[in-house]
Amino acid sequence: MSVTRAEVAAVACAELFRGDGEILVSPMGLLPSIGARLARLTFEPDLLLTNGEAYLVDTDGTIEGWQPFRKVLDTVVPHGKRHVVMGANQVSRHGDQNISAIGDHDRPVKQLLGVRGGPGNTVNHRTSYWVPRHGKRVFVSEVDIVSGVGYRQAKGFPFHDVHRVVTNLAVLDFGGPDHTMRLVSTHPGVSVDEVCANTSFELHTEGVTETREPTGEELRLLREVVDPKGHREREVPS
């Protein structure tokens, strides 16, 4: 059965949560949400999904419970019991993330979201990033403004864990020397050279594998249950 790039990316997003067990996950964005639901329907059935605010939801969006967001901040966020997947306008080779502004801090050329929950997320629990368009303007040596905290400023935060970055081309982590970015796998049909050419700094590329394709059951769930209207294909065209 033919598998699309979007379906490979969805499985890569699901794999972000492998081994998390019973933990609160907050997937921000379409592909991370699809991945989280797929993970819960298959290899991580104990995941607690949220709608990004205060509701706990089932894989079809049915509300299972409610927790005041202040309680989430008090009881879950600061204790390593959450895994959030955020977007990133810039990511540095040491894991800093920027969603705030592009350009000089005093006079940015483009105003974005602001730092939002980036600092609290990255120092308090596991954080991953989803980048639908892998390019040099996203993968930069130094971000313009630090929203999410990478590995150079993370000393003293016991739950800091910038886990992985999934893009339309590859899966990356920070397992290179001194927690620099490492290319873990390229999606089928993508070469190591293509990923490196779309990254503005040198990647650690030893031991790169190919991102796994979905199983037959995962394909069925993606196409019939999780995303039957195929929204994933608009975010990651083949």
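Select helices α1 and α2 to start: they pack at an angle of about 65°, with their axes 7 Å apart. Axes are lines fitted to C-alpha atoms, for helices over the stretch in contact, and angles run from 0 to 180 degrees between N-to-C directions. The model is predicted: local features need pLDDT of at least 70, side-chain atom pairs count only at pLDDT 80 or more, and totals for chains, interfaces and linings use all residues. Residues are numbered from 1 along each chain as its sequence is written, and side-chain values use heavy atoms, without hydrogens and water.

Stay on this pair and show side chains. Ala6, Ala9, Ala10, Val11, Cys13 and Ala14 of α1 meet Leu31, Pro32, Ile34, Gly35, Leu38 and Ala39 of α2 (contact means heavy atoms within 4.5 Å). These residues divide into 11 nonpolar, 1 polar and no charged; Gly counts as polar, and Ala, Val, Leu, Ile, Met, Phe, Trp, Tyr, Cys and Pro as nonpolar.

Next, select α1 alone, residues 5-15. In this helix 10 of the 11 residues are buried, meaning under 20% relative accessible area (1.4 Å probe, protein chains only). Among them are Glu7, Val8, Ala12 and Glu15. Add the elements that the buried residues pack against: α2 (30-41), β10 (126-131), β12 (161-167), β13 (170-173), α6 (216-226) and α7 (232-235).

Last, keep α1 and α6. Their angle is about 105°, and their axes lie 11 Å apart. This makes α1 roughly perpendicular to α6, a term for angles of 65 to 115 degrees. Glu7, Ala10 and Val11 of α1 touch Glu218, Leu219, Leu222 and Arg223 of α6. By class, this contact has 4 nonpolar, no polar and 3 charged residues, where charged covers Asp, Glu, Lys and Arg.

Notes: Buried < 20%, exposed > 50% of the residue type's maximum accessible area, 1.4 Å probe, protein only. Helix = DSSP H or I, 4+ residues; strand = E, 2+ residues; numbered from the N terminus. Parallel < 35°, antiparallel > 145°, perpendicular 65-115°, else oblique.
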